[in-house]
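Thank you for making room for me this morning. I would like to walk you through one model, going slowly from its parts to the places where those parts meet.

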Amino acid sequence: MNIVEIIAKKRDGHELTHDELQYFVQGYTRGEIPDYQASAWCMAVVLKGMTAAEATAYTMLLAQSGDMLDLHEIAPFVVDKHSTGGVGDKTTLVVAPLVASHGLPVGKMSGRGLGFSGGTVDKLESIRGFETSLTTEGFLDMLSKHGVVVSGQSADLAPADGKLYALRDVTATVESLPLIAGSIMSKKIASGADAIVLDVKVGQGAFMKTEADAVELAHLMIAIGEGVGRKVAAVIADMDQPLGNAVGNALEVREAMSTLHGEGPPDFVEHCLTVGGKMLDLADKASGLKEAKAMLAESLENGSAWAKFVEWITAQGGDPTVLNDPDQLPAAPLIETVYASHPGHIATLNAIEVGLTSVMLGGGRVKKSDQIDYSVGIVHHAKIGDHIQKGDPLLTIHANNNDTLAAARERLLAAITWSDVPIVPPPHIRQIIG
Ligand code: URA
């Protein structure tokens, strides 16, 4: 067996055997296969795809390249969720304590933001003292004592994916359904959860631009997870406009806190109840999604989800005074509300433009090494379908200097399109699979 033959076999559209995939994954991880041959292999997969059997074998080889956590000594059934990423996506901050407040352990490893898409780890770090770099022991200890833990991705889990993802990022080979599915599912499988809810976003502000692609990715990830004995479901959700109202790290933490007090924006609340409800449903904690959502809605109202959030954040080192007084979260020096100059109906609110504006304000990274400003971002006061009068507030910009504030104002106004006739907003949840 040699790597040139394996690349050529995939280039010609043939199915690779388990041993050939193993030769590639192990050879690249050990540094025996150079980047130029690994890039050629990735591009061959982008162009020729993989069968379901290949995708499952490839995923397990990535997962087995590092530690495989077994959480069963800690709890008989642990759930996890994964979002494919988007703008204003603070779902984990609400769903993890919400689901854990029903006695169902949630163990989750999350990523940082890159490009227009924010990351849960960055959002959590805007809470003074919150520790996201947990060792495996620290992760397991939090899970056993508090039934909820969210940490950064451990370098010991699926290291082959870490190396391959960095290569794909710079060789235009991210956009392949089997490579994305393998990358995501290898990390989820290695981190040990029994059930995984995939939060697959579709639209302008998401990796998947069409519902057909999102559904195909979801089916592939479900098949891979089920193939290795995990329960998996997918929620396909809209990402044409930002999720909720807030975009930016500390602003999103504040919105998550309001949501846990029962005062969240309707689309975000619906999203959290659906994703969290599916997690309860997969764990057989409810008779179906409808009952699970009602149980979760009750815990947002009665304070039990908030109490679990406070326990979790405090146990992971977060300063509890910030939780009692959100004004202690990082705050931008310049805050400006932009008002409508004419009446009309909001027709579109381009999520990717909003995400890129948040990055431009300093809230995200262009390179992995960039420092971020937790305080900056945008809060929307109007979303698609809203009827606006002249002088109504459209959005508030939180900035750290006048130049980026002015540029953000211009860019955000251009991200909105208007209609003279009423607009029916698109449904937020498009499909639930599994
Ligand atoms: N997220 C991942 O973790 N991997 C991909 O390939 C794409 C999105």
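The domain assignment divides this protein, which we see here as a predicted model, into domain 1, covering residues 3-49, domain 2, covering 79-324, and domain 3, covering 330-419. Please keep domain 2 and domain 3 in view, since most of what I have to say concerns the contact between them.

When the centres are taken over C-alpha atoms, domain 2 and domain 3 lie 24 Å apart, and the contact draws 26 residues from domain 2 and 26 residues from domain 3. How much area do domain 2 and domain 3 bury between them? The size of an interface is often given as the accessible area lost when the parts come together. For this pair of domains the value is about 2,000 Å², with 58% of it on carbon and sulfur atoms. On the side of domain 2, Gln241, Asn245 and Leu251 together supply 25% of the area buried against domain 3, which is more than any other three residues supply.

Let me turn to the polar side of this interface, where 11 residue pairs are found in polar contact across domain 2 and domain 3. The elements of domain 2 that give two or more residues to the side touching domain 3 are helix 6 (120-125), strand 6 (246-247) and helix 11 (249-260), and helix 11 gives the largest share, with 3 residues. If we sort the residues on that side of domain 2 by character, we find 10 nonpolar, 10 polar and 6 charged.

Side chains of opposite charge can pair when their charged atoms come close. Between domain 2 and domain 3 the count is 2 salt bridges, while the structure as a whole holds 24 salt bridges. One that I would like you to find is formed by glutamate 54 and lysine 10, whose closest N and O atoms are 3.0 Å apart. Because glutamate 54 lies in helix 4 (residues 52-63) and lysine 10 lies in helix 1 (residues 3-11), this pair ties together parts that are 44 residues apart in sequence. Another salt bridge joins aspartate 267 to lysine 383, with 2.8 Å between the closest N and O atoms.

I will finish with the sheets. An open sheet of 4 strands runs in the order 6-9-11-7, and its pairing is antiparallel. Strand 6 and strand 7 (334-339) stand at the edges with a single partner strand each, so one side of each has no neighbour in the sheet. Within this sheet, strand 9 (residues 377-380) and strand 11 (residues 393-399) pair over 4 bridges, and isoleucine 378 stands opposite isoleucine 397 of strand 11.

Another open sheet is formed by 3 strands in the order 10-8-12, again with antiparallel pairing. Which strands stand at the edges here? They are strand 10 (387-388) and strand 12 (416-419), and each has a single partner strand, so one side of each is left without a neighbour. Strand 8 (residues 344-349) is joined to strand 12 by 4 bridges, and threonine 348 has threonine 417 of strand 12 as its bridge partner.

Conventions: Residues are numbered from 1 along each chain as its sequence is written. This is a predicted model: local features need pLDDT of at least 70, side-chain atom pairs count only at pLDDT 80 or more; totals for chains, interfaces and linings use all residues. Side-chain values use heavy atoms; hydrogens and water are left out. Two strands pair if DSSP finds at least two bridges between them. Domain bounds come from an automatic or database domain assignment. Contact means heavy atoms within 4.5 Å. Buried area is the accessible area (1.4 Å probe) that two parts lose on being put together, summed over both. A salt bridge is a side-chain nitrogen of Lys or Arg within 4 Å of a carboxyl oxygen of Asp or Glu. A polar contact is a pair of N or O atoms within 3.5 Å; within protein, one must be able to donate a hydrogen and the other to accept it, and residues adjacent in sequence count only if both atoms are side-chain atoms. Ala, Val, Leu, Ile, Met, Phe, Trp, Tyr, Cys and Pro count as nonpolar, Asp, Glu, Lys and Arg as charged, and the others, Gly among them, as polar.
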